[in-house]
Amino acid sequence: MDDNSFLALKESLQTIEETDQLFSFLESQQTFSFPALENGLFPAAIAHESTGYQSIWVRDNIHVAHALNAVGKTEPASKAVATLTEYFLKHRDRFDKIISGEANPKEVMQRPHIRFDGNTLGEIDEKWAHAQNDALGYFVWLYCRMLEQGHLTASAQSLELLAAFVRYFEAIRFWEDADSGHWEEARKIEASSIGTVVSGLIALKEYLNCSDNWDDLQHQQTLVTPEMLDSLIAQGQTTLEEILPAECIQADSLLARKYDGALLFLIFPLGLVKGELADTILEDVRTHLMGDYGIRRYLGDSYWCADYKEVFSEDDRTSDFSDDQASRDQYLKPGQEAQWCIFDSIMSVIYGQRFLESRQDADLEKQRFHLDRALNQLTTSECPFGPYRCPESYFLEKGKYVPNDITPLLWTQGNLMMALHQWKQTLKAQQ
């Protein structure tokens, strides 16, 4: 298939056969290649070492593993989550010291590390914004889902680890804990992090309810009860009711944020936010964050702002700015935020799932609209990284939007793969 055939097929996609042909072509172009370490973990991106993206992020691995599992590629998904479990078991003391009060969660390097060396499962001795409750919540969520599905098997150690997560969330009072969240930036009390933890706790409760493992968590060493889980879930949900559909409502204008793409993940894959509240978040993203090339993470996002590579050296582009975000924000001009490629696919999946329930043309049209946008974000032969790659984002360089250096991003690949899979479900439903 040549480029013209690809373009014609992309414009059509009226049948399952055409969708399969497109998917097969993209697979042949390595668009859906997920190179993993020997232990199954995925680097965040296939990028130069200077980006730091060869490291392992808990959050990215969960999103990639979820995408693989969602399209039936269970083996690599299970291997990645099993190795993440090994990593957390190896560093279990991080949880225990904060639970006991020996370590102070305000010192972020004392918290469980969410970015690490995948080859050794060792921690990276570099200051990082490790206060990321969403990453921990995602792990609990997917691990419990895969336990419930029978793709993984719990051990006595892993059950105790899950109990440590629960007690850790209780110790830091996650519903009012300021963390750096999905974007690893200035710490604030954000709905997307609280909601991810709530989703993890709900998944744990559902797994325990359908297994025989409650008793293993109620002895003195672990001490997790149904009442404890219910109380923590309720605390989180009460706070979400106060914040949503915003991301952060703190009085500090530098922290308050009404619109954020991370809220989409509470709709999918987590399934926590539904109905009118989900409608509002979706329309907020479409109205306020959607650009011509992709979707902004949030208004005022200076990461990969215009001419980013001229402003920051190669070593500084992906540095930790969580304690000094103003030093980066000063270079942003309004409306020149990077436009990310992880969101349109997620929105296409959301509208596709809605169409299967509603059979409303409006949902179908939005599913296809966002799928088309996601496919249009693939790189062309003019891109230095090669054609048919999934960028992290498009940013302004000398007045033109181009893919940033984090190309391809495995998280973007996983989301596009799910969007095409969801499109096939829509086509099957219309037969």
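This is a guided tour of a predicted model, moving from its nonpolar cores to its cis peptide bonds and a few loop residues.

**The nonpolar cores**

Begin by selecting Leu26, Phe139 and Phe174, which touch the most other members of the largest nonpolar core, a set of 134 residues. Helix H6, residues 133-148, can be coloured next, since this helix gives the most to that core, with eleven residues. If you then colour by domain, you will find that the core draws at least three residues from domain 1 (1-30 + 290-430) and at least three from domain 2 (47-273).

Stay with Phe139 and display its surroundings: leaving aside residues up to four places away in sequence, Phe139 touches Val58, Ile62, Val81, Leu84, Thr85, Phe88, Leu161 and Phe165. A second core, separate from the one just visited, has five residues, among them Cys341, Tyr394, Leu396 and Tyr401.

**Two cis peptide bonds**

Most peptide bonds are trans, and the next two stops depart from that pattern. Select Leu244 and Pro245, where the connecting peptide bond is cis with omega near 10°; Pro245 itself lies in the loop that runs between helix H9 (226-243) and helix H10 (264-267). Then move to Thr407 and Pro408, whose peptide bond is also cis, with omega near 0°, and note that Pro408 lies in the loop between strand S6 (400-403) and helix H16 (410-429).

**Two residues with positive phi**

Glu184, in the loop between helix H7 (156-171) and helix H8 (191-209), has a positive phi of about 55° although it is not a glycine. Is Glu184 buried or exposed? Its relative accessible area is 15%, and because the cut-off for buried is under 20%, Glu184 counts as buried.

Continue to Tyr388, in the loop between helix H15 (361-376) and strand S5 (393-397), where phi is near 60°, again a positive value in a residue other than glycine. Tyr388 is buried as well, with a relative accessible area of 7%.

**Glu392 and its surroundings**

Remain in the loop between H15 and S5 and select Glu392, which counts as buried at 2% relative accessibility. Which residues does Glu392 touch, apart from those up to four places away in sequence? Its contacts are Tyr53, Tyr303, Trp304, Trp340, Cys341, Asn404, Ile406, Thr407, Leu409 and Thr412, and two of these names have appeared before: Cys341 belongs to the second core, while Thr407 precedes the cis bond to Pro408. As a last step, draw a C-alpha to C-alpha distance from Glu392 to Ala70, which are 322 residues apart in sequence and 21 Å apart in space.

Note on methods
Residues are numbered from 1 along each chain as its sequence is written. This is a predicted model: local features need pLDDT of at least 70, side-chain atom pairs count only at pLDDT 80 or more; totals for chains, interfaces and linings use all residues. Side-chain values use heavy atoms; hydrogens and water are left out. A nonpolar core is a set of buried Ala, Val, Leu, Ile, Met, Phe, Trp, Tyr and Cys residues joined through side-chain atoms within 4.5 Å. Buried means under 20% relative accessible area, exposed over 50%, partly exposed in between (1.4 Å probe, protein chains only). Helices (H or I, at least four residues) and strands (E, at least two) are DSSP runs, numbered from the N terminus. Domain bounds come from an automatic or database domain assignment. Contact means heavy atoms within 4.5 Å.
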